[in-house]
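Morning, everyone. Please have the sequence and the model open while I talk.

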Amino acid sequence: MSLSTRYNPEEVEEKWYRFWEEKGFFSPQNNTGSPPFVIVLPPTNVTGSLHLGHALDATLQDILVRINRLRKIPTLWVPGTDHAGIAAQNVVEEELRKQGIERSRIGKKAFQEYMWQWMEKCRHTITSQIKKMGASCDWNRERFTLDEVCSRAVTEFFVRMYEKGYIYRGEYLVNLCPHCHTAISDIEVEREEVEGKLYQIIYALEQGGDIEIVTTRPETMLGDVALAVHPDDLRYKSVVGKVAILPVVGRKLPIIADSEVDPEFGSGVVKVTPAHDFLDYEMGKRHNLPLIRVINEHGFMAEESGSDFAGLSTLEARELMVKKLNLENRLVKTESYRYSPGRCSRCHTVIEPLLSVQWFLSVKEIKKAAIEKVKNAEITFIPERWSAVYLDWMENLKDWCISRQLWWGHRIPAWICQSCGEVIVSRETPEKCTHCSSENLEEVEDVLDTWFSSALWPFSVFGWPDSTPDLENFYPTSVLVTGYDIITFWVSRMIMAGLELTGKPPFKNVFIHGLVRDEKGRKMSKSLKNVLDPLDLIKDYGTDALRFTLASLSTLGGQDITLTKPALLHSRNFMNKLWNASRYVISTIGENKFEKPPELIDLDLFDRYILSRLSHLVKEVNDKFASFDVGNYIKAIEEFFWKDYCDWYLEISKFKKDSQGTLFTLYYVLKNILVLLHPVIPFITEELWSKLNQDNLPPLIIQDWVNKVDFPECEIALEKTNYIFGIITAIRNIRSLFKIKPNRPIKVVIHPSDAFEYQSLVEGSNYITQMAGIGNLDIVCDLETWPKSSAIQVVRGTSIFVNLKGLVEIKEEIIKLTGSLVELTTELERVQKDLRNPLFREKASPATIEEFQRREQEYQKQIVRIDETINYLQGEGSET
């Protein structure tokens, strides 16, 4: 079959994805009794469309899935989406706001209808994008965290934990987002250093005298109930137990001693506001202090703050407090101060620590097994260093605030009796109070944190809590593939929930990858206007090129990926190279059929060379795959294909097309290359397979993986061909250096140093002559004098002489080379100056620095070569 002269991804990708899906290849195949390979796709938030992080995640998972499918292992990849709770509600609120619609005005029911409409639209978009990436998910098993199956699992999880006493309800200090109007967990709070102010304020002592404190939030003074010092701070031993007077308000404040006070901060005296600071809250409990709530859940000053302040924003209250402190001469000074306020990870609003009635999940007991399973390697992190991050987080984990004051999410399965206050938690809607039999029950309005349902994902997708065939066959899963940024958000909670509810770890391996950054090494964000849409990149480069780029840039260390245009162009060029090489092979083998492999005797030196290199490649690829080293797995194939197969073997094959051994080898090696590359670039490989396939073999997606090559490695063939290629390269380098045109024949004398070199030269002389453009080649064992007017290269022990007479004017060449030397030296100095400049290194992206280092090395190599050539030519010039 012939191939078009140009590869067009659009013509290939949709055709093959539809074919694979219609044939059912994404469902588990080959159920031979071997343990299955199972992955659950991290559920994508229904907040819009995919970004490059999703594209990387899907690519790495699909590579693992496709390799295992080729290995004839029953393989399942379950896709799905996440209702995304607070994130999705914020997005829809913003969309409605653009239409002039406010959530508070339309009510809960109408708003939820908008949410479901948005969800359906987003799910369709996201599913289409995941398919566009080539992800071979089993779409018959697609799940959604708010669907009936997952919702039932969430209710069961909550009820079981409540019945065991792990879930409790009470008034505690929580992180409250004034914009989202809901509590959020500690893990959803981000911290970013900002420029603020530090206020130095004097409190009067009831017994006479003053004491000084510093604060970043003078408006919270209205909730002060004490002052505190460190018990070992000798400066304040005499004031402990005394009373201070709160400025502006006049409230009496006891002065207490507490070991949590930092004597190095400010004056060493701190104000204690238990209702609005987590450290103060704990201090208040230790000292039995009262709680005064002066900020409400909307981020405004509450009635308890007093008539002058009630209703003001916190910033307005701060300004008023500063004015009043100045009037009382209590503000000593204000100075700039850098600090890191907590912000909501969803909307970036500064959070308020506030007293609120919330639901919590106690983690004291359920985290024990989750820690132990990682410590004893029943669950392994790849790379291993991320296990330390996980363990550190888990060992310091506090109870999880699981309730949210939202209109979108899983409603908490709890009711409050309006007659006696009893709390009823139930799987079904209760008819009456279990305590007083009253029918006056009110369902709790709060919903659950979105991570509560996500924690069940590895087994809720299979129908848990029911004992379904899928749960029996496919749980636990094999590996979780995810970014390091959600180890604490998601990975930890899945492990806790899986062990608690099923008694089994949800997965054996956790494969951690980095984040995708722009050319300057920055995180992609809308504010920086550097977000790249995967679909735009697919349109410009093709899906395979995008997959190839992302996967080849990934590292076993889980470092972040810097995505650059040159990297994408390189990948697209690789696709074109693969296409053109395949065109050559398909046209060369023509109608030849290879019913059985040839005998070794029918394979020449170069056939045995490429088959030996293929054998080595297959071993390396399988080793890399076993260790999840995807980036180097791809690099190994690329290097083999580009250098060994294309640069050498295909070129040599052009001079021996009549050899059946060569025709078979061309076909056999390409066929195996397509199998090895298929998990990474599935579309182009399936298309080429369909054109190359002579034996009516099954589609490539379900072909056999390459575990070994059918021919033994031949070390002597590798040694000889490497030597011959070195000879050809050396002669080509001389041509390039002296700018001798490729079509101009040259005279070459080669002087081998031993029998191996001589035998190799004789065996490869025809190819050396053809590929190096030699008009006259002499292989001379006994060389008494070196040929005059010749450029010299040495390979192994062999001397190579290229006659320059009549090809190069030596004096002119020296002048040209000297000019080139000056230019290169200038460029080298410029590059080295930039690399030594700390300012340049600070501002330049990692990719730019790497490029400058590459240039430095290249310029240094060229300078050495030109310098050696000039010295040689000057010697020749003096003799002629």
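A definition to begin with: two strands pair if DSSP finds at least two bridges between them. Helices (H or I, at least four residues) and strands (E, at least two) are DSSP runs, numbered from the N terminus. Now the ground rules. This is a predicted model, where local features need pLDDT of at least 70, side-chain atom pairs count only at pLDDT 80 or more, and totals for chains, interfaces and linings use all residues. Residues are numbered from 1 along each chain as its sequence is written, and side-chain values use heavy atoms, with hydrogens and water left out.

The overall picture next. The protein has 25 helices and 32 strands. Its C-alpha trace spans about 110 × 65 × 55 Å along the principal axes. Of its 880 residues, 54% count as buried; buried means under 20% relative accessible area, exposed over 50%, partly exposed in between, with a 1.4 Å probe and protein chains only. Contact means heavy atoms within 4.5 Å. Take the contacts with a separation of 6 or more: 78% of them come from residues 24 or more positions apart.

Let's go to the sheet. In what order do its four strands run? The order is β30-β29-β32-β31, in an open sheet with mixed pairing. The edges are β30 and β31 (790-795), each pairing on one side only. On average, neighbouring strands are turned by 20° against each other, direction ignored. In general, strands of a sheet pair through backbone hydrogen bonds, either parallel or antiparallel.

Zoom in on one pair. Strand β29 (residues 746-751) and strand β30 (residues 774-779) are parallel, over five bridges. From β29 the chain crosses through helix α22 (residues 755-772) to β30, and this β-α-β crossover is right-handed. That term means the path from the first strand over the helix to the second runs clockwise, with the strands pointing away from the viewer. Look at the partners: V748 stands opposite L777 in β30, and I750 stands opposite I779 in β30.

Two helices meet this sheet. α21 packs on it, touching β29, β30, β31 and β32 (798-803), and its direction makes about 150° with that of β31. α22 lies across β29, β30, β31 and β32, at about 170° to β30. Axes here are lines fitted to C-alpha atoms, for helices over the stretch in contact, and angles run from 0 to 180 degrees between N-to-C directions.

Now follow α21 to another helix. The axes of α17 (residues 605-626) and α21 come within 9 Å and cross at roughly 105°. The two helices are therefore roughly perpendicular; that label covers 65 to 115 degrees, while under 35 is roughly parallel, over 145 roughly antiparallel and the rest oblique. On the α17 side, the residues are L605, F606, R608, Y609, S612 and R613; on the α21 side, A717, L718, K720, T721, I724 and F725.

Just before α21 sits C714, in the loop between α20 and α21 (715-737). Is C714 buried or exposed? It is buried, because its relative accessible area is 16%. C714 touches R608 and S612, not counting residues up to four places away in sequence. The C-alpha atoms of C714 and R613 are 9.0 Å apart, with their positions 101 residues apart along the chain.

Last stop, α20 (residues 682-692). Nine of its eleven residues are buried, among them F683, W689 and L692. The buried residues pack against several helices, including α1 (9-22), α4 (103-132) and α19 (660-677).
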